Amino acid sequence: MKYRCVECGNGMKSLFVQYSPGNIRLMKCENCKAVADEYIECEIMIVVIDLILHKPKAYRHLLYNVLDSQTLNFQSLLWKCSFGFLLLDAYRSLFICRSKEEWGLSTSIASFIWTCQKLFLDVFLGNFMFFSTFLLATRIFLGASTRSLRYEDILLAILVSSYFKMCFFAMMVWEFPASVVFIIDLYVLSSNTVALKVISELSMGRCVLTCFSAHLMKFLVTQALELRIL
């Protein structure tokens, strides 16, 4: 991925000129004449808030101008994001299991084994079907225009845009109803859609259909596994 103007998505060779340490001048986009990336001089919390508000320019800043594959150890970043994604998904499944039954010191060995089996199938098989469906739907619904995109770029965009799963950390400390899990899932779905739209530059409708298909497949697979285990 190369640098992009966060306003219009036009390619940029550089985002700023540095005259001395701490003295920089932000470059302007030749296409829209606006500052190419105003987030360079913003606090990190401003970026986080705009990501939560689903502003496309915040996603362009993150996916193109921060997570630059030419300056970062891309493969290492991809593995770290994947590990974090699976870890948070495992806690999500564990939280749902605990909300359906009392799970404490008196839990039987059989119940513990059943829970571990369900966690393993939910996390690995569920997410395998999720990413497989997502990549397939990307090629079907988004068409030939995404052939220039690498699978690694699409995968990283989905992993990074699932940042709202970090709310599960709060659920380790405070008690929340099980419905909060599905609210987080809906928010992750919408965030994935915005990220896909930013990197593909296609219509929102097609991006919604692509992301919805993948999330629906994951939901159906996990529900089918739960019925089979029961």
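**Stop 1: Lys165 and Asp89**

Select Lys165 and Asp89 and show their side chains. The two side chains make a polar contact at 2.9 Å. This is a predicted model, so treat that distance as computed.

Now zoom out one step. Lys165 sits in the loop between α5 (151-160) and α6 (168-171). Is Lys165 buried or exposed? Its relative accessible area is 4%, under the 20% cut-off, so Lys165 counts as buried. Show its surroundings next. Leaving out residues up to four places away in sequence, Lys165 touches Phe85, Leu88, Asp89, Ile184, Val188 and Lys218.

**Stop 2: Asn127**

Keep Asp89 on screen and add Asn127. The Asn127 side chain makes a polar contact with the Asp89 side chain, at 2.8 Å. Asp89 therefore has side-chain polar contacts with Lys165 and with Asn127, both under the 3.5 Å limit for such a contact.

Asn127 belongs to helix α4. Its relative accessible area is 3%, so Asn127 is buried. Which residues does Asn127 touch, beyond those up to four places away in sequence? They are Phe85, Leu86, Asp89, Asp122 and Lys218. Phe85, Asp89 and Lys218 are also among the residues that Lys165 touches.

**Stop 3: the annotated segment**

Select residues 119-142. The unreviewed UniProt entry annotates this stretch as "transmembrane region". Colour it by secondary structure. The chain here is 96% helix and 0% strand. Put a distance label on the two end C-alpha atoms: they lie 32 Å apart.

**Stop 4: Phe168**

Move to helix α6 and pick Phe168. Its relative accessibility is 0%, so Phe168 counts as buried. Turn on its contacts, ignoring residues up to four places away in sequence. Phe168 touches Leu88, Tyr91, Arg92, Val181 and Ile184. Leu88 and Ile184 also appear among the residues that Lys165 touches.

Then select Val180. Phe168 and Val180 are 12 residues apart along the chain, and their C-alpha atoms are separated by 9.6 Å.

**Stop 5: the largest pocket**

Switch to a surface or pocket view. Rolling a probe the size of a water molecule over the atoms shows where empty space is left. The largest pocket has a volume of about 500 Å³. It is lined by 24 residues, and the closest to its centre are Arg92, Phe182, Asp185, His215 and Phe219. Arg92 was at the previous stop too, as a residue that Phe168 touches.

Which helices each supply at least two residues of the lining? Show α3 (74-100), α4 (109-141), α7 (179-200) and α8 (204-229). Of the elements that contribute, α8 gives the most, with 8 residues. Colour the lining by class: 10 residues are nonpolar, 6 are polar and 8 are charged.

**Stop 6: two covered helices**

Select α2, residues 56-66. Helix α2 is mostly covered, with 8 of its 11 residues buried. Those are Ala58, Tyr59, Arg60, His61, Leu62, Leu63, Tyr64 and Asn65. Show what they pack against: β1 (3-4), α1 (44-52), α5 and α7.

Go on to α5. It is largely enclosed by the rest of the structure, because 7 of its 10 residues are buried. Select them: Asp153, Ile154, Leu156, Ala157, Ile158, Leu159 and Val160.

**Stop 7: two backbone oddities**

Open a Ramachandran plot and find His54. His54 has a positive phi of about 60° although it is not a glycine. In the structure, His54 is found in the loop between α1 and α2.

Now find Glu201. Glu201 also has a positive phi of about 60°, and it is not a glycine either. The loop between α7 and α8 holds Glu201.

**Stop 8: the whole chain**

Reset the view and go to cartoon. How many helices and strands are there in the protein? There are 8 helices and 4 strands. Along the sequence the pattern reads β-β-β-β-α-α-α-α-α-α-α-α.

Colour by accessibility. Of the 230 residues, 41% count as buried. Finish with a contact map. Among contacts with a separation of 6 or more, 63% join residues 24 or more positions apart.

Key. Residues are numbered from 1 along each chain as its sequence is written. This is a predicted model: local features need pLDDT of at least 70, side-chain atom pairs count only at pLDDT 80 or more; totals for chains, interfaces and linings use all residues. Side-chain values use heavy atoms; hydrogens and water are left out. UniProt positions are given in the numbering used here, feature names are shortened, and annotations may be inferred rather than shown by experiment. On a 1 Å grid over the protein atoms alone, a cavity is a set of points where a 1.4 Å probe fits but cannot get out, and a pocket is an open set with protein on both sides within 12 Å along at least five of seven lines; lining residues have an atom within 4 Å of a point. Grid points are joined across faces, edges and corners, and a volume is the space filled by probe spheres set on the points. Ala, Val, Leu, Ile, Met, Phe, Trp, Tyr, Cys and Pro count as nonpolar, Asp, Glu, Lys and Arg as charged, and the others, Gly among them, as polar. Buried means under 20% relative accessible area, exposed over 50%, partly exposed in between (1.4 Å probe, protein chains only). A polar contact is a pair of N or O atoms within 3.5 Å; within protein, one must be able to donate a hydrogen and the other to accept it, and residues adjacent in sequence count only if both atoms are side-chain atoms. Contact means heavy atoms within 4.5 Å.
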